[in-house]
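Me: I'd like to understand the empty spaces inside a protein model. Can we go through them together, with the reasons behind the terms?

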Amino acid sequence: MSVAHADDADDYSRPTGESYHAEKALPSGDFYTGQWRDNLPHGHGKYLWTDGCMYVGDWHRGKTMGKGRFSWPSGATYEGDFKNGYMDGKGTYIDSSGDLYRGSWVMNLRHGQGTKSYVNGDCYDGEWRRGLQDGHGRYQWKNENHYIGQWKNGLMNGNGTMIWSNGNRYDGSWEDGAPKGNGTFRWSDGSFYVGVWSKDPKEQNGTYYPSTSSGNFDWQPQQVFYVDLSECVVCTCQRIPVLPSQKMPVWYGSSEQSSSGNRTKNSERPRRRSVDGRVSNGEMELRNNGSGYLQLDDNAESNRSSLGPLRIQPAKKQGQTISKGHKNYELMLNLQLGIRHSVGRPAPATSLDLKASAFDPKEKLWTKFPSEGSKYTPPHQSCEFKWKDYCPVVFRTLRKLFSVDAADYMLSICGNDALRELSSPGKSGSFFYLTNDDRYMIKTMKKAETKVLIRMLPAYYNHVRACENTLVTKFFGLHCVKLTGTAQKKVRFVIMGNLFCTGHSIHRRFDLKGSSHGRLTTKPESEIDPNTTLKDLDLNFAFRLQKNWFQEFCRQVDRDCEFLEQERIMDYSLLVGLHFREASFKDSATPTSGARTPTGNSDTRLSRAEMDRFLLDASKLASIKLGINMPARVERTARRSDCENQLVGEPTGEFYDVILYFGIIDILQDYDISKKLEHAYKSMQYDPTSISAVDPKQYSRRFRDFILRVFVEDT
């Protein structure tokens, strides 16, 4: 990461906002020539780094933005769209070996529709996701063998067809680059084999049908794996040596230095130490692969609070930052130290097929963290503590299954930015913490909840592995901090995915169970904001999904509820977040539910044809999953005044275009003795069907019935 001190006496003699041509020999040895404005590259320009990298193209406020060409000393080049320093948009990348990719990019990754031509003669044309072949695509080898079908994480996965140059073909299911499941192998002479395929001969089962009586009865299905597919190796993409975004210089002096070289008062921010002793400036610094710090641009354009035509109360970042002096500051440091130790600990590569011993409740690791450090742990400024990992192999494999990069995971939780504590604990008494990038939520756990998670872990693992679109909470780690000393306090916590980690503002959020007793927000309307979680009796919308998504939603709700019922889990809910597209608020509108509702603007709403084009756009489709970033419509509903406990209101015919986020949360409450007593007690006072505490079978049926009344197919 280069640092460019851009202050120049000539710059301060010019009027603010004036562009001119400049040549800058920077103290780092880098050189820039091109358009210059407000002490930053702005317009067309060339930047040459001392290591031989070069960028020629458009700049905006010191960042590569627009059309440009980046070249590496190895001979690799990228030419196309840039955004905020990233390769983003349409572009062509040629690596040093001669492999060529032409297509869509998102933040330095091949993402969307694209074609990759390899120097050895192979070619792939199809969909990409996060840098790998993912979705539908066609791969042709130089010997004219070719595969057409589904891909996942760079491998043939799902339904697909392999056709060999000699006329033989396989049609059926694939997994991790090989036939797995039901499939048919056909020879060019008309013979075929139908059966269940697997690399494990014990699982292979099928029937051979020769085209003539003199068929090849000595043929074995395993030959497909070890002979026919031996030359069908998918080429990997050469790693980009240094990403253009990592080369962007830090322009000290642009807005944070005066002409004398001193920082302005606005740039003086409170500094705190990270767990390993480094000093950071909070939001203004980001660690970059251990090679230094990148100062983020804190300009007004990147921090706009205006939401355009949608006039709503702006959503504030949830929670209180845990800084020095906070009662849980040392606990946060302990947690960060433990996570860094657990994730960074060397471990052999694990298969997704785990042994039963990995799920053993006794499978846990204790590590002692003395303040002065030890052979395995670094010195730290917190008190001495012990750290426990529950079922470490299982959770490491779950992170792999959920495509969580270990370095990103550590940076989110253990980076220089502090965690945020949510303002009030949940109903269970647990505390919740969010990482600064909103990716992960950390929840303190009771001992009983920990036991439930460990008990159901084998079934949970099999479920999320079998159901790629599962809506249940994603768990990434289960740990315990034990403080030394007289207190001997234990704090157990689980790390989960945050459902609302998105660039979209969440304007409304609902927690839905299908029960009515106590399911109304007690806040007065004046205190309801985008961070308020509304409940069943507050709901004043029906969610309308397109046909394919609605069918998948129904199937997945059934699977998830069946899984939770089998594990004797109840009291879970569907958390739903809405981002309204192009809408405005009527301040005078006060719906029956108590929450103000946006009123659609017919001039700015998407037409159905536009929505269809949005859904068919491969680059946008790649970022849409069930419950994540889903374009949909909602219809406003209203309850009858004579039925205050009516769960589902009557449709009003008012529709709004939205982006939906949803998932099933709070899945660690089993139907234990306390819940059975609660059910017996409340059943004597209230309608037994209206309370949350019911047995798992009844809970699952009621939950499904309610959810499939408020989620409907958009006709």
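Me: What makes Ile322, Asn328 and Leu331 lining residues of the second largest cavity?

Reply: In this predicted model, a cavity is a set of points on a 1 Å grid over the protein atoms alone where a 1.4 Å probe fits but cannot get out, and a lining residue has an atom within 4 Å of a point. Ile322, Asn328 and Leu331 are in that lining, and so are Met332, Leu335, Leu419, Tyr433, Ile442, Thr444, Val491 and Phe493. Residues are numbered from 1 along each chain as its sequence is written. As the model is predicted, local features need pLDDT of at least 70 and side-chain atom pairs count only at pLDDT 80 or more, while totals for chains, interfaces and linings use all residues; side-chain values use heavy atoms, without hydrogens and water.

Me: How do you know that the space is about 70 Å³?

Reply: Grid points are joined across faces, edges and corners, and the volume is the space filled by probe spheres set on the points. For the second largest cavity that comes to about 70 Å³.

Me: Which helix gives the largest share of this lining?

Reply: Helix 4, with three residues. Helix 4 (329–344) is a DSSP run of H or I with at least four residues, while strands are runs of E with at least two, all numbered from the N terminus.

Me: How many charged residues are in this lining?

Reply: None: the lining has nine nonpolar and two polar residues. Asp, Glu, Lys and Arg count as charged; Ala, Val, Leu, Ile, Met, Phe, Trp, Tyr, Cys and Pro as nonpolar; the others, Gly among them, as polar.

Me: And what is the volume of the largest cavity?

Reply: About 80 Å³, and its lining has four charged residues.

Technical notes: On a 1 Å grid over the protein atoms alone, a cavity is a set of points where a 1.4 Å probe fits but cannot get out, and a pocket is an open set with protein on both sides within 12 Å along at least five of seven lines; lining residues have an atom within 4 Å of a point.
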